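Please work through the exercises below with the sequence and the model open side by side. Each task is followed by a solution in steps.

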Amino acid sequence: MILSEARQAPAVAAGCKLTGGVWVSPYDDVTLTDAASLDVDHFVPLAEVHDASGYAWDEARREAYANDQAPGSR
């Protein structure tokens, strides 16, 4: 959701590294411009996925899951 909630979309480089972009907190109206300062909550915690067999996934599948925005689509 980090991309869909951006007021100004960031550029996405290799390894999902984000540069640029603007986000505004809906709770306190604070503007953020560093994606590294944002916290992301996953529908299912990544550690739980890993423990439940995600450890066997290849890097592309792990990255796709970590960046998935729709619950139940995998």
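The exercises that follow concern a predicted model and proceed from the whole chain to single residues.

**Exercise 1. The chain as a whole**

Task: Determine how many helices and strands the chain has, and state the order of its elements.

Solution. Step 1: the secondary structure consists of two helices and four strands. Step 2: read from the N terminus, the order is β-β-β-β-α-α. Step 3: for the overall dimensions, the C-alpha atoms fill a box of roughly 40 × 25 × 20 Å along the principal axes.

**Exercise 2. Surface, burial and charge**

Task: Establish what percentage of the residues is buried, and describe the surface and the charges of the chain.

Solution. Step 1: the chain has 74 residues, of which 16% count as buried. Step 2: its accessible surface is about 5,700 Å², and carbon and sulfur atoms account for 52% of that area. Step 3: the chain carries 5 positive and 12 negative charges, whose mean positions lie 7 Å apart. Step 4: of the contacts between residues at least 6 apart in sequence, 18% join residues at least 24 apart.

**Exercise 3. The loop between E3 and E4**

Task: Locate Ser25 and Asp29, and decide for each whether the residue is buried or exposed.

Solution. Step 1: Ser25 sits in the loop that links strand E3 (23-24) to strand E4 (31-32). Step 2: the relative accessibility of Ser25 is 17%, and the residue is therefore classed as buried, the cut-off being under 20%. Step 3: a polar atom of the Ser25 side chain lies 3.2 Å from the backbone nitrogen of Tyr27. Step 4: Asp29 is also found in the loop between E3 and E4. Step 5: Asp29 has a relative accessibility of 60% and so counts as exposed, the cut-off being over 50%.

**Exercise 4. Positive phi angles**

Task: Find what the phi values of Asp29 and Ser53 are, and place Ser53 in the chain.

Solution. Step 1: most residues other than glycine have a negative phi. Step 2: Asp29 is not a glycine, yet its phi is positive, at about 65 degrees. Step 3: Ser53, likewise not a glycine, has a positive phi of about 125 degrees. Step 4: Ser53 belongs to the loop between helix H1 (46-51) and helix H2 (59-66). Step 5: with a relative accessible area of 35%, Ser53 is partly exposed.

**Exercise 5. Separation in sequence and in space**

Task: For Cys16, Arg7 and Ala36, set the separation along the chain beside the C-alpha distance to a chosen partner.

Solution. Step 1: Cys16 lies in the loop between E1 and strand E2 (17-19) and is partly exposed, at 30% relative accessible area. Step 2: Cys16 and Glu63 are 47 residues apart along the chain, and their C-alpha atoms are separated by 8.5 Å. Step 3: beyond its neighbours within four places in sequence, Cys16 is in contact with Glu63 and Asn67. Step 4: Arg7, in the segment before strand E1 (11-13), is exposed at 64% relative accessibility. Step 5: Arg7 and Tyr65 are 58 residues apart in sequence, with 24 Å between their C-alpha atoms. Step 6: neighbours within four places again set aside, Arg7 contacts Val22 and Val24. Step 7: Ala36, in the loop between E4 and H1, is exposed at 68% relative accessibility. Step 8: Ala36 is 17 residues from Thr19 in sequence and 9.4 Å from it in space, C-alpha to C-alpha.

How values were computed
Residues are numbered from 1 along each chain as its sequence is written. This is a predicted model: local features need pLDDT of at least 70, side-chain atom pairs count only at pLDDT 80 or more; totals for chains, interfaces and linings use all residues. Side-chain values use heavy atoms; hydrogens and water are left out. Buried means under 20% relative accessible area, exposed over 50%, partly exposed in between (1.4 Å probe, protein chains only). A polar contact is a pair of N or O atoms within 3.5 Å; within protein, one must be able to donate a hydrogen and the other to accept it, and residues adjacent in sequence count only if both atoms are side-chain atoms. Contact means heavy atoms within 4.5 Å. Accessible areas come from the Shrake-Rupley method with a 1.4 Å probe; for residues, only the protein chains shown count as cover. Lys and Arg count as positive and Asp and Glu as negative; His and the chain ends are not counted. The place of a charge is taken as NZ of Lys, CZ of Arg, CG of Asp or CD of Glu.
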